[in-house]
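Okay, thanks for squeezing me in. I'll put the model up and then talk through what sits inside and what pairs up along the helices.

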Amino acid sequence: MGMWQRFSMIFKAKANKAMDRIEDPRETLDYSYQRQLEMLQKVKRGLLDVATSRKRLELQGEQLQAKAAKLHEQAKRAMAAGREDLAREALTRRAAIEPELEALKTQHGQLLAEETKLTEASKRLSAHVEAFRSRKETIKATYTAAEAQTKIGEALSGISGEMGDIGLAVQRAEDKTASMQARAGAIDELLASGALDDLSTPGDRIDAELGRAVVASQVDAELARLRAELPTPDAPREIES
């Protein structure tokens, strides 16, 4: 494949992809429906023109027939009046009308046949346009629903991604909270054991130890006092001999 052919193929492929992105099938369907309506209107206008021409020929034929009948009547009156010359002239004129009538009949037949064809074509095209309109609306509704579902899916996909990020943030927060709680508990234990100085209370560790020793001494003294207050058991009596 030559360089130009490859370039042409790539260009057409990209152009087709770009057209797919900007094309809205609903607009295309509406445009096609409008074009079909225009075609139908043209057929109906043509049918009207043919029907008008046919009607005009019928009126001309009626006028010629009326004229021929009048000439025939004039010829009869001329013969009755002994004017054969006038009768001949009237009949001559009447004879000249016959070819015109035949030509009108021929044209009328052609126009009538054309009118019949256009009438059938108009009916078929009207049915086709109506069927296309119904199908068009169905396709448009289906496309609109699919488009809405796609947008909802895309939105949910984006929400899912955000929820995933939020879940990770929550997990990190929980882990950090647990770590802080563990650290606080360890500090409390160390402070209680004296391994760490509690800077929030006055004195140092020695003072704390001395305080605890004093408290223990006081507790021991109180226990001894309570023990001394307990009644002593009676001594055993001597057995008389």
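So, the largest nonpolar core here has 11 residues: L57, L64, A68, L71, A75, A78, A87, A90, I97, L101 and L104. By nonpolar core I mean buried Ala, Val, Leu, Ile, Met, Phe, Trp, Tyr and Cys residues joined through side-chain atoms within 4.5 Å. Helices α2 and α3 (84-193) each put in at least two of those residues, and α2 gives the most, with 6. Apart from that core there's another one, of 6 residues, including L29, L40, L125 and F132.

Before I go on: this is a predicted model, so local features need a pLDDT of at least 70, side-chain atom pairs count only at 80 or more, and totals for chains, interfaces and linings use all residues. Numbering runs from 1 along each chain as its sequence is written, and side-chain values use heavy atoms, with hydrogens and water left out.

How confident is the predictor? On pLDDT, its per-residue confidence from 0 to 100, the chain averages 79, and 73% of the residues score at least 70. Helix α1 (residues 3-22) has the lowest mean of the elements, 59, and α2 the highest, 91. Helices, by the way, are DSSP runs of H or I, at least four residues, numbered from the N terminus.

Back to L57. Not counting residues up to four places away in sequence, L57 touches L104, Q107, H108 and L111; touching means heavy atoms within 4.5 Å. R54, also in α2 (residues 25-80), contacts H108, L111, L112 and E115, again leaving aside neighbours within four places.

Is R54 buried or exposed? Buried, because its relative accessibility is 17%; the cut-offs are under 20% for buried, over 50% for exposed, and partly exposed in between, with a 1.4 Å probe and protein chains only.

Now salt bridges, meaning a side-chain nitrogen of Lys or Arg within 4 Å of a carboxyl oxygen of Asp or Glu. The structure holds 14 of them. K55 pairs with E58 at 3.8 Å between the closest N and O atoms; they're 3 residues apart in α2, so about one helical turn separates them. Over in α3, E114 and K117 are likewise 3 residues apart, about one turn, and their salt bridge comes in at 3.5 Å.

Last one: K136 and E137 meet at 2.5 Å, N to O. K136 counts as buried because its relative accessible area is 4%, while E137, at 35%, is partly exposed. Both belong to a salt-bridge network with D30 and K140.

Notes
Helix = DSSP H or I, 4+ residues; strand = E, 2+ residues; numbered from the N terminus. pLDDT = per-residue confidence, 0-100.
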